[in-house]
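Reader: I would like to go through the labels on this model one by one. What stands behind each of them?

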Amino acid sequence: MPHLHIEKFNEISFPQTEDGVVFNFMAKNVNHADETLISTTVDGDEFFLLLKEEEGKNLLKSDKLTRPASIFNVHKALLTYAKVADLNILASNVPEHSKNVHLEEVNALKDIGFFAEEFMKGSQKGASYSWGDKNVRIEVGFGSGRHLLHQAVNNPDTLFIGIEIHRPSIEQVLKQVSIQKLDNLFVLDYDARLFLELVPSNLIEKIYVHFPVPWDKKPHRRVISTSFIQESRRVLQVDGRLELRTDSENYYAYSYETFIAFHKTVLYINKNKDIAISSKYEDRWKKQEKNIYDVTMINEEESPLLKLEGSFDFVEAKLPHAKIIELHGATQKFDGGFIHFERVYTLADGVMIRLSMGSFDKPEHLYVLINENRVSYYPLFPLKSKSNLLAHEFLNRTLHG
Ligand SMILES: C[S@@+](CC[C@H](N)C(=O)[O-])C[C@H]1O[C@@H](n2cnc3c(N)ncnc32)[C@H](O)[C@@H]1O
C-alpha cells in the first residue's frame with residue numbers, strides 16, 4: 001500500500017488543483033479525530049486519500065474502499081498533496097518517477113463501472129459489447145495469473161475477465177499483458193462474488209475458480225456458496241461450465257455438498273487430474289504430495305434474463321445533520337440483508353456516512369455524501385443487486401426523516 005510517513009499534517013484549502021490533481025473536499029471522522037479523508041481526482045479517477053495516525057506515526061495513504069483503477073494516480077495524488085501542503089516526509093514507499101512503462105501502456109485494468117455500462121449496452125437491442133461476439137470466460141482469484149495468461153495466449157478469440165482483490169497480483173498480470181501484447185484480457189479489482197450479480201444471463205462460457213482460499217474458520221468468506229453457484233448457473237451459457245480446483249479436502253467436501261444440494265445438477269469429479277498449466281499454488285501442493293480435486297459443474301439450462309428493477313436515487317434528506325451523525329454504529333436488518341452505519345464524517349458544508357450494506361455474506365462498503373439536503377453515493381453507486389436495492393430503500397427512508 002503506497003504511503004507517506006509525515007511529520008505533521010497541514011490542511012490546504014478546497015477545492016484546489018495542482019499538476020492535474022484536483023483536491024475536492026475533506027471529511028473528518030466524527031468519532032476518531034485521527035482519521036481524515038481527502039477527496040481527490042486524477043485523470044478521471046476519483047478516490048480518497050486517508051490521513052491516519054497509526055502506531056504513533058502520521059501516515060498519508062490511499063483509502064481501501066475507493067481504490068482507483070490506477071496505482072500511479074495514487075502515487076501522483078500523494079506526492080502532489082505533500083507538495084501543496086508543504087509536508088515534511090520522514091519516510092515513503094512512493095516512487096518519485098513512478099510510471100512503469102509496461103503498466104502505463106496497458107488499458108486492460110477496468111473498473112466495475114466499465115462492466116456495468118458494457119453489460120447494459122449488451123442488453124439493449126442492436127447494441128453489442130466492445131469485445132464483439134467473442135466468447136467470454138471468467139477467472140476468479142487468478143493470483144500469479146499463470147493459468148489466466150496461459151488461457152488468454154492460447155485462446156486469442158475468447159475474451160477473458162480476470163478478477164482479483166490482491167493488488168500486487170493484479171499489477172504482475174498487467175505487466176505480462178503489456179509484455180505479451182494481449183488484447184483479449186480484462187482485469188478487475190473487485191469481489192468476484194458481487195461481480196457475478198451484474199453479469200447478464202447465459203453470457204459466460206467458463207468460470208474458473210482455482211485454489212480458492214479455504215477459509216476454514218470463516219466459511220462466509222468462501223467464494224463457493226449456494227448463491228455463487230446459483231449466480232454461476234444463471235450467467236453460464238447452456239453447456240457452460242464452472243471449474244473448481246482445490247487442494248483442500250475440506251473445501252472439496254464442502255463444495256461437493258453445496259453443488260449436489262441443487263435439485264438438478266451435472267457434476268464431474270476428478271482427482272489428481274493434470275491440466276495444461278500448473279499454478280504457483282498447484283506446484284507447491286504437488287511438491288507436498290497433496291491430492292488435488294476438481295469439481296466441474298455443467299450448466300444445462302437457459303436462464304431468464306437478469307432483471308433488477310429500482311434505482312439508487314435519493315429523495316431530499318430532511319433528517320438534520322446532527323441526527324445523521326447519531327446514526328453512527330446503528331444496524332438495521334431486513335429479510336435478505338442489512339445496513340450498518342460504520343462511520344460518520346463532517347464536511348465543510350455537510351456530512352458523510354460510511355456504510356456496509358447488502359447481503360450478509362458479501363456486503364458492500366460505501367460512502368454517502370449529504371450536502372445540505374442533497375444525498376448521493378460517492379464516488380460510485382452500489383452494485384445493482386437485490387439486497388443493495390433493499391438497503392438503499394431503507395437508507396432513503398431514514399435520511400428523508
Ligand atoms: C490461494 S490463491 C490462488 C491463486 C491462483 N488461482 C492459483 O491457483 O495460484 C486465491 C486467490 O483468490 C483471491 N480471492 C479471494 N477471494 C476473492 C474474491 N471474493 N474475489 C476475487 N478474488 C478473490 C485472493 O486474493 C488470492 O489471490
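**Labels and their reasons**

Author: The model is predicted. A good place to begin is Met26, which is found in strand S3, residues 21-29.

Reader: Why is Met26 called buried?

Author: Buried means under 20% relative accessible area. Met26 has 12%, so Met26 is buried.

Reader: How far apart are Met26 and Thr346, in sequence and in space?

Author: They are 320 residues apart in sequence. From C-alpha to C-alpha, the distance is 8.5 Å.

Reader: Now the rings. How many aromatic pairs are there?

Author: The structure holds 25 of them. Take Tyr281 and Trp285: their planes stand at 45 degrees and their ring centres lie 6.3 Å apart.

Reader: What makes the pair of Tyr281 and Trp285 tilted?

Author: Centres within 6.5 Å make a pair. Planes under 30 degrees apart count as stacked, and planes over 60 as edge-to-face. The angle here is 45 degrees, which is neither, so the pair is tilted.

Reader: Where do Tyr281 and Trp285 lie?

Author: Both are in helix H9, residues 280-287. They are four residues apart, about one turn of the helix.

Reader: Is each of them buried, partly exposed or exposed, and how do you know?

Author: Tyr281 has 44% relative accessibility. Partly exposed runs between 20% and 50%, so Tyr281 counts as partly exposed. Trp285 has 13%, which is under 20%, so Trp285 counts as buried.

Reader: Why is the pair of Tyr345 and Tyr367 called edge-to-face?

Author: The ring centres are 6.2 Å apart, within the 6.5 Å limit. The planes stand at 65 degrees, which is over 60, so the label is edge-to-face.

Reader: Which parts does that pair tie together?

Author: Tyr345 belongs to strand S17, residues 337-347, and Tyr367 to strand S19, residues 364-371. The pair therefore ties together parts that are 22 residues apart in sequence. Tyr345 has 0% relative accessible area, so Tyr345 is buried. Tyr367, at 2%, counts as buried too.

Reader: Which residues do ring pairs link into a cluster?

Author: The cluster is made of Phe114, Phe115, Phe119, Tyr129, Trp131, Phe186 and Phe195.

Reader: How do you know that the charged end of Arg222 sits over the ring of Tyr254?

Author: Two conditions apply: within 6 Å of the ring centre, and within 35 degrees of the ring normal. The charged end of Arg222 is 4.3 Å from the centre of the Tyr254 ring and sits over that ring. Lys290 lies over the face of Trp285, also with 4.3 Å to the ring centre.

Reader: On to the ligand. Which residues come nearest?

Author: There are 16 residues around the ligand. Gly141, Glu164, Asp191, His210 and Ser279 come nearest.

Reader: What makes Ser279 a polar contact of the ligand?

Author: A polar contact needs a pair of N or O atoms within 3.5 Å. An N or O atom in the Ser279 side chain is 2.8 Å from a ligand oxygen, so the pair qualifies. Backbone N or O atoms also take part, each with a ligand nitrogen: Ala192 at 3.0 Å and His210 at 2.8 Å.

Reader: How much of the ligand does the protein cover?

Author: On its own, the ligand has 600 Å² of accessible area, and the protein covers 89% of that. Strand S10 (158-164) and helix H6 (192-196) are the elements that give two or more residues to the shell. The shell divides into eight nonpolar, five polar and three charged residues.

Reader: What is notable about the bond between Phe14 and Pro15?

Author: It is a cis peptide bond, with omega about -10 degrees. Pro15 lies in the loop between strand S1 (3-6) and strand S2 (16-18). From Tyr378 to Pro379 the peptide bond is cis as well, with omega near -10 degrees.

Reader: Why mention phi and cis bonds at all?

Author: Because most residues other than glycine have a negative phi, and most peptide bonds are trans. Asp19, in the loop between S2 and S3, has phi near 50 degrees, a positive value. Asn202 is not a glycine either, and has a positive phi of about 60 degrees.

Technical notes: Residues are numbered from 1 along each chain as its sequence is written. This is a predicted model: local features need pLDDT of at least 70, side-chain atom pairs count only at pLDDT 80 or more; totals for chains, interfaces and linings use all residues. Side-chain values use heavy atoms; hydrogens and water are left out. Rings of Phe, Tyr and Trp (its six-membered ring) pair if their centres lie within 6.5 Å; planes under 30 degrees apart count as stacked, over 60 as edge-to-face and the rest as tilted. Buried means under 20% relative accessible area, exposed over 50%, partly exposed in between (1.4 Å probe, protein chains only). A residue is near a molecule or strand if one of its heavy atoms lies within 4 Å of it. A polar contact is a pair of N or O atoms within 3.5 Å; within protein, one must be able to donate a hydrogen and the other to accept it, and residues adjacent in sequence count only if both atoms are side-chain atoms. Accessible areas come from the Shrake-Rupley method with a 1.4 Å probe; for residues, only the protein chains shown count as cover. Ala, Val, Leu, Ile, Met, Phe, Trp, Tyr, Cys and Pro count as nonpolar, Asp, Glu, Lys and Arg as charged, and the others, Gly among them, as polar.
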